[in-house]
Amino acid sequence: MWNPPDHYIEAVSEKASVALLLEAMRSDPVTNAIGSVGVSGGGGVGSVNGLGADTLAPSLASPSVSKTMAPLSYQVGILIRRGFKNSSDVLSKKLEWFLVLALGLVWGGLWFGVATPSNRGKHAADAVSVIFFIAAQWSWGPAFDVLGAFPQERDVLAKERASEVYSIESYYISKCLCELPVQMVMPAVFLLLLWPMVGLPFSILPAIYGITIINAWVSASISTMLMCLIFDGDLVMKVLIVVFVYCMSAGGFFINMAEQPAYIGWARYTSYWYYSLGLYTSVAITPFDDDDQHRMSGALDSYSFSDWSDATNLLILVTYGVVCRVLAYVFLKFSSKIKFS
């Protein structure tokens, strides 16, 4: 969003344009007229109390008067209102809704009824694969949503920070809060569509929804951290793909990491998918064994999801997200890469 100070901020953002401005000030007749006032002070023609145009112009270009920012709470309140407006714009995008609803219909149609009581035993592995796709959709989706808004946010942040409109702290707090609507609304609609088609019990849907929100938040946290660290849209996209492929692969769905040599198997503990899939299966798979011959939990033997307690897995996921958010703030606070485009 362009605002009136943008022209002046852009004008002094490059050394070449600053040099042109100073040269214009030195040759300006108004500046010279001001300088002539200082003759009686002994500074001679073209000076003010001994300050020549060469000294005067830079001092006018770089005033020493510092701005006083509004209180942090006021800044956050203003930025949250703007942020929620941007979030509502995302929720109103028809293509975003098409993607979410289409994926729900595809997976719900192909896995139709696999988790109903009569099918659970023989389709236990299929039920696990549905859980995997839920985790995948709400890992990659939120991460790329954050990344998609990066170029515009970077430019606006650079301009408004240069004019000292608000602090980094107020920007970052409001950004973290404004992500929540997108991360909460779309997963709810997605699960309400998918759940009855697959046949999983509605009694566990609230818990699955809560896990999905946490999973989406952690994914967005990783994306935000990488964005603040790298500040290059093309590069951060490639790095994000590598990081997420690693987390997904080490999470235990594609390969049983517990059966790998110890020097490889330990990598699963660094993947948030490991703990997320442990939570999902603990809620959606383990409690629903049909009988001794058709145990759903038996399907988990070929995977290496976390078998720690739900509380432990949840604590690790939240810690994972918090650490990424704190690192993102540190990278943003001390970044030298917030420059004009």
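Here are a few friendly questions and answers about this predicted model.

Reader: Which helix gives the most residues to the nonpolar patch on the surface?
Author: The patch is formed by Leu72, Ile173, Leu177, Leu180, Met184 and Val185, which together have about 440 Å² of accessible area. Helix 9 (168-178) and helix 10 (180-198) each supply at least two of its residues. With three residues, the top contributor is helix 10.

Reader: Is Leu177 buried, partly exposed or exposed?
Author: Leu177 sits in helix 9. Its relative accessible area is 37%. Buried means under 20% and exposed means over 50%, so Leu177 is partly exposed.

Reader: Which residues are joined into one network by salt bridges that share partners?
Author: Let's start with Glu179, which forms a salt bridge with Lys175, their closest N and O atoms being 3.8 Å apart. Glu179 also meets Arg325 in a salt bridge, at 2.8 Å from N to O. Arg325 lies in helix 15 and Glu179 in the loop between helix 9 and helix 10, so this pair ties together parts 146 residues apart in sequence. The shared partners make one network of Lys175, Glu179 and Arg325.

Reader: How are helix 7 and helix 14 oriented to each other?
Author: The axes of helix 7 (residues 124-148) and helix 14 (residues 272-284) come within 10 Å and cross at roughly 135°. Angles over 145 degrees count as roughly antiparallel, and 65 to 115 as roughly perpendicular. An angle of roughly 135° fits neither range, so the two helices are oblique.

Key. Residues numbered from 1 in each chain as written. Predicted model: local features only at pLDDT ≥ 70, side-chain atom pairs only at ≥ 80, totals over all residues. Heavy atoms only, no water. Patch = residues over 30% accessible without salt bridge, like charges linked within 9 Å, V, L, I, M, F, W, Y side chains within 5 Å. Areas by Shrake-Rupley, 256 points an atom, 1.4 Å probe, with all protein chains shown as cover. Salt bridge = Lys/Arg side-chain N within 4 Å of Asp/Glu carboxyl O. Helix = DSSP H or I, 4+ residues; strand = E, 2+ residues; numbered from the N terminus. Buried < 20%, exposed > 50% of the residue type's maximum accessible area, 1.4 Å probe, protein only. Axes fitted to C-alpha atoms, helices over the stretch in contact; angles between N-to-C directions. Parallel < 35°, antiparallel > 145°, perpendicular 65-115°, else oblique.
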